[in-house]
Amino acid sequence: MMHSFDASKATIEALTKHSVIPDVINPNFVKPLGVLSAEYSKAEPVAMGNQLTIKGTQSKPTVHFAPEAAALKPSDLLTLVVTDPDAPSRTEKKWSEFCHYVESDIKISETEGGILENGKVLQSYVGPAPPPGTGPHRYVFLLYRQPVGVTASKLTEIKGRPNWGYGTPATGVEKWATENNLEPLGANFFFAESS
């Protein structure tokens with residue numbers, strides 16, 4: 001089993017290698033507080049930049065978070081997002097970031113091995129649909145801790161999926177998370193591409 005430092009270091013290295021840091025996540029994010037994992041099916045796990053099929057990723061995945069010791073309190077509320085910084089392509093950012101999913105007020109299930117569940121969906125899940133010929137798109141999962149006392153109803157409304165409703169290319173979850181004082185806890189991502 002990896003030590004938490006090793007897992008944390010490996011996460012940051014993978015995010016940096018594939019430019020998720022700084023394209024999606026602020027470069028100040030240097031210390032994940034646990035391991036965020038997601039699985040569409042046994043054949044389609046999200047594993048730090050692996051390639052998944054478009055067909056296999058159209059339904060909302062099961063997402064787990066294994067926090068470091070004492071990183072979370074039972075009362076903590078969490079927000080999970082899935083975002084695509086490569087819409088419509090890695091070089092053309094007019095729809096970037098594209099918001100694929102947002103769920104807030106999540107609590108970690110102690111009984112179900114860290115499954116994230118029973119939150120309030122702010123943007124329903126939309127599976128990857130990268131345009132043909134635009135190369136591999138990064139689909140980034142991020143988990144945040146909400147400030148104490150802040151529930152989904154107090155979070156800034158997301159007014160659209162392209163650019164997260166901000167209307168500015170290459171804008172997305174970092175701006176929204178900063179507006180709402182959300183603390184990043186973990187990240188993961190996969191690639192999908194239309195042939």
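**Exercise 1. Which residues does Leu142 touch, not counting residues up to four places away in sequence?**

Solution. First, the ground rules. This is a predicted model, where local features need pLDDT of at least 70, side-chain atom pairs count only at pLDDT 80 or more, and totals for chains, interfaces and linings use all residues. Residues are numbered from 1 along each chain as its sequence is written, and side-chain values use heavy atoms, with hydrogens and water left out.

Step 1. Set the cut-off: a contact means heavy atoms within 4.5 Å.
Step 2. List the partners. Leu142 touches Val24, Ile25, Leu36, Thr79, Leu80, Val81, Val173, Gly186 and Ala187.

**Exercise 2. Place Leu142 in its nonpolar core, and identify the elements that contribute.**

Solution. Step 1. Define the set. A nonpolar core is made of buried Ala, Val, Leu, Ile, Met, Phe, Trp, Tyr and Cys residues joined through side-chain atoms within 4.5 Å. Buried means under 20% relative accessible area, exposed over 50%, and partly exposed in between (1.4 Å probe, protein chains only).
Step 2. Find the core. The largest one has 25 residues. Leu15, Ile25, Val81, Leu142, Trp164 and Trp176 have the most contacts inside it.
Step 3. Assign elements. Two or more residues come from each of α1 (4–17), α2 (20–23), β6 (98–108), β9 (137–145), α3 (173–179) and β10 (183–192). Helices (H or I, at least four residues) and strands (E, at least two) are DSSP runs, numbered from the N terminus.
Step 4. Look elsewhere. Another core, of 23 residues, lies apart from the largest one; Val46, Ile106, Leu116 and Tyr125 are among its members.

**Exercise 3. Trace the salt-bridge network that includes Arg138.**

Solution. Step 1. Apply the criterion: a side-chain nitrogen of Lys or Arg within 4 Å of a carboxyl oxygen of Asp or Glu. The whole structure holds ten salt bridges.
Step 2. Start at Arg138. Its side chain meets that of Asp23 at 2.9 Å, N to O. Arg138 sits in strand β9 and Asp23 in helix α2, so this pair ties together parts 115 residues apart in sequence.
Step 3. Check burial. Arg138 is buried at 0% relative accessibility. Asp23 is partly exposed at 34%.
Step 4. Move to Asp86. This residue bridges to Arg90, with the closest N and O atoms 4.0 Å apart, and to Lys93, at 3.7 Å. Asp86 is buried, at 0%, while Arg90 is partly exposed, at 35%.
Step 5. Assemble. Asp23, Asp86, Arg90, Lys93 and Arg138 are linked in a network of salt bridges.
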